[in-house]
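The following exercises are to be worked through with the sequence and the model at hand. Each task is followed by a solution in steps.

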Amino acid sequence: MAYSTALYARVKEYLDSDGLHYDEDPTQGRFEFGINIHSKVRNVRVRIFVDDDNFSVVAVPQFGGDTQDPENMRALAEYTARANYGLVQGNFQFDFRDGEIRYWSAMLTDDDSLPSIHTIGRVVFVAIMMWERYGDGYLKVGLAGVDPETAVNEAENPEPQAPAEPSPTTIDPEIL
């Protein structure tokens with residue numbers, strides 16, 4: 001497979017600078033690593049594919065749709081469509097053949113204008129953060145039968161955290 005060796009080196013530089021432990025396949029222009037996230041999903045596999053004029057990032061959780069359950073597949077597909085609406089960078093993808101769910105993000109580039117390490121990190125970060133935001137909803141829809149619209153609304157409009165009660169040693173500024 002032909003790919004930009006300069007872009008491959010820049011992506012590798014990002015991974016090394018961020019201290020990520022990864023596997024690489026230089027014959028295919030591919031990197032892969034797992035990362036723990038703040039979600040009930042717990043972990044996603046991140047794959048980075050380098051091509052001639054772009055790199056793409058795919059983040060895949062350890063669960064998917066039940067291909068033997070058409071209602072499960074339909075509900076997860078609806079959740080995917082609702083979650084995708086309005087996303088700016090990338091999208092969730094749902095494969096009806098095997099039930100795989102993933103988040104895909106990419107960036108066009110060329111050897112004359114390689115992205116910075118920071119920019120590469122942002123593209124990778126988007127794929128990971130989307131699982132932190134929407135992952136629990138996928139689990140609720142896929143495993144608990146929650147309505148897809150309700151699950152997306154919960155993901156996009158989380159309950160605000162209750163303010164912490166002041167500790168007995170906190171001084172009220174109104175008193176001063």
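Two residues are in contact when heavy atoms of theirs lie within 4.5 Å. The model used throughout is a predicted one.

**Exercise 1. The surroundings of Phe 31**

Task: Determine where Phe 31 is placed, whether Phe 31 is buried or exposed, and which residues Phe 31 touches beyond four places in sequence.

Solution.
Step 1. Phe 31 belongs to strand β2.
Step 2. The relative accessible area of Phe 31 is 0%. Buried means under 20%, and Phe 31 is therefore buried.
Step 3. With residues up to four places away in sequence not counted, Phe 31 touches Tyr 8, Val 11, Lys 12, Leu 15, Tyr 22, Asp 23, Glu 24, Val 46, Arg 47, Ile 48 and Val 50.
Step 4. As a distance check, the C-alpha atoms of Phe 31 and Tyr 103 are 16 Å apart, and the two residues are separated by 72 residues in sequence.

**Exercise 2. Leu 15, a contact of Phe 31**

Task: Locate Leu 15, classify its accessibility, and list its contacts beyond four places in sequence.

Solution.
Step 1. Leu 15 is found in helix α1, which covers residues 5-17.
Step 2. Leu 15 has 0% relative accessibility and so counts as buried.
Step 3. Once neighbours within four places in sequence are set aside, the contacts of Leu 15 are Leu 20, Tyr 22, Phe 31, Phe 33 and Ile 48.
Step 4. Leu 15 and Gln 62 are 47 residues apart along the chain, and their C-alpha atoms are separated by 22 Å.

**Exercise 3. Two further sites: Gly 34 and Arg 42**

Task: Classify the accessibility of Gly 34 and of Arg 42, and state what is notable about phi of Arg 42.

Solution.
Step 1. Gly 34 lies in strand β2. Its relative accessibility is 32%, so Gly 34 counts as partly exposed.
Step 2. Apart from neighbours within four places in sequence, Gly 34 is in contact with Asn 43, Val 44 and Arg 45. Between Gly 34 and Arg 47, 13 residues apart along the chain, the C-alpha separation is 8.8 Å.
Step 3. Arg 42 sits in the loop between β2 (30-36) and β3 (43-50). Because its relative accessibility is 59%, Arg 42 counts as exposed.
Step 4. Most residues other than glycine have a negative phi. Arg 42, which is not a glycine, has a positive phi near 75 degrees.

**Exercise 4. The packing of α2, α3 and α4**

Task: For each pair among these helices, give the relative orientation, the handedness of the crossing and the residues in contact.

Solution.
Step 1. Helix α3 (residues 117-144) packs on helix α4 (residues 148-156) at an angle of about 155 degrees, their axes being 9 Å apart. Angles over 145 degrees count as roughly antiparallel, and α3 is therefore roughly antiparallel to α4. The crossing is right-handed. From α3, Arg 133, Tyr 134, Gly 137, Lys 140 and Val 141 take part in the contact, and from α4, Pro 148, Ala 151, Glu 154, Ala 155 and Glu 156. These comprise five nonpolar, one polar and four charged residues.
Step 2. Helix α2 (residues 70-84) and α3 cross at roughly 155 degrees, with axes that come within 9 Å. The two helices are therefore roughly antiparallel to each other, and their crossing is right-handed. Asn 72, Ala 75, Leu 76, Tyr 79, Thr 80 and Ala 83 of α2 meet Tyr 134, Gly 137, Tyr 138, Val 141 and Gly 142 of α3. Seven of these residues are nonpolar, four are polar and none is charged.
Step 3. The axes of α2 and α4 also come within 9 Å, and cross at roughly 40 degrees. The helix α2 is therefore oblique to α4. This crossing, too, is right-handed. Ala 75, Glu 78, Tyr 79, Arg 82 and Ala 83 of α2 meet Pro 148, Glu 149, Ala 151, Val 152, Ala 155 and Glu 156 of α4. The contact has seven nonpolar, no polar and four charged residues.

**Exercise 5. The largest nonpolar core**

Task: Which residues of the largest nonpolar core touch the most other members, and which element supplies the largest share of this core?

Solution.
Step 1. The core has 44 residues, and Ile 48 and Trp 131 touch the most other members.
Step 2. Helix α3 supplies the largest share, eleven residues.
Step 3. Ile 48 also appears among the contacts of Leu 15 and among those of Phe 31.

How values were computed. Residues are numbered from 1 along each chain as its sequence is written. This is a predicted model: local features need pLDDT of at least 70, side-chain atom pairs count only at pLDDT 80 or more; totals for chains, interfaces and linings use all residues. Side-chain values use heavy atoms; hydrogens and water are left out. Axes are lines fitted to C-alpha atoms, for helices over the stretch in contact, and angles run from 0 to 180 degrees between N-to-C directions. Angles under 35 degrees count as roughly parallel, over 145 as roughly antiparallel, 65 to 115 as roughly perpendicular and the rest as oblique. A crossing is left-handed if the near helix is turned anticlockwise from the far one by less than a right angle, and right-handed if clockwise. Ala, Val, Leu, Ile, Met, Phe, Trp, Tyr, Cys and Pro count as nonpolar, Asp, Glu, Lys and Arg as charged, and the others, Gly among them, as polar. A nonpolar core is a set of buried Ala, Val, Leu, Ile, Met, Phe, Trp, Tyr and Cys residues joined through side-chain atoms within 4.5 Å. Buried means under 20% relative accessible area, exposed over 50%, partly exposed in between (1.4 Å probe, protein chains only).
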